Amino acid sequence: MGNTSSSLEEWVYDAAASNDSITLQKLLDRVQSQQPVVDRRLLDFRDGDGRTPLIVAAAKNHQRCVELGGTVGARQGI
């Protein structure tokens with residue numbers, strides 16, 4: 001894993017988009033172990049079309065990834 005938040009944001013996005021809930025959980029756990037509250041910027045990251053990891057996961061019916069995003073405070077109504 002890289003050291004920049006940009007890379008971490010992209011990894012979170014890619015994990016949600018590819019339905020890789022195991023990697024998504026590991027990434028979120030890693031951040032939570034370093035910070036008491038997961039930085040919402042990880043879940044508010046937007047791709048070139050303006051979609052967040054949660055939006056992409058929901059559009060692809062990746063239920064577990066949507067659940068993981070919801071448990072850490074992603075903005076679900078955006």
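A residue counts as exposed when its relative accessible area is over 50% and as buried when that area is under 20%, with partly exposed in between. In this predicted model, Asp49 is therefore exposed, because its relative accessible area is 63%. Asp49 also belongs to a network of salt bridges that links it with Asp47 and Arg51, and the count of salt bridges in the model comes to three.

**The Asp47, Asp49 and Arg51 network**

- Arg51 meets the side chain of Asp47 in a salt bridge with an N to O distance of 2.8 Å, and Arg51 also forms a salt bridge with Asp49, where the closest N and O atoms are 3.5 Å apart.
- The three members of the network are placed in three accessibility classes, since Asp47 is buried at 15%, Arg51 is partly exposed at 36% and Asp49 is exposed at 63%.

**The pair in helix H5**

- The side chains of Arg64 and Glu67 meet in a salt bridge, at 3.6 Å from N to O, and because these residues are three apart in helix H5, about one helical turn separates them.
- Arg64 is partly exposed, with a relative accessible area of 41%, and Glu67 is likewise partly exposed, at 34%.

**The surroundings of His62**

- His62 lies in the loop that runs between helix H4 (53–59) and helix H5 (63–71), and its relative accessible area of 11% makes it buried.
- A polar atom of the His62 side chain lies 3.1 Å from the backbone oxygen of Ala16.
- Beyond its neighbours within four places in sequence, His62 is in contact with Ala16, Ala17, Ser18, Asn19 and Ala57.

Terms used. Residues are numbered from 1 along each chain as its sequence is written. This is a predicted model: local features need pLDDT of at least 70, side-chain atom pairs count only at pLDDT 80 or more; totals for chains, interfaces and linings use all residues. Side-chain values use heavy atoms; hydrogens and water are left out. Helices (H or I, at least four residues) and strands (E, at least two) are DSSP runs, numbered from the N terminus. Buried means under 20% relative accessible area, exposed over 50%, partly exposed in between (1.4 Å probe, protein chains only). A polar contact is a pair of N or O atoms within 3.5 Å; within protein, one must be able to donate a hydrogen and the other to accept it, and residues adjacent in sequence count only if both atoms are side-chain atoms. Contact means heavy atoms within 4.5 Å. A salt bridge is a side-chain nitrogen of Lys or Arg within 4 Å of a carboxyl oxygen of Asp or Glu.
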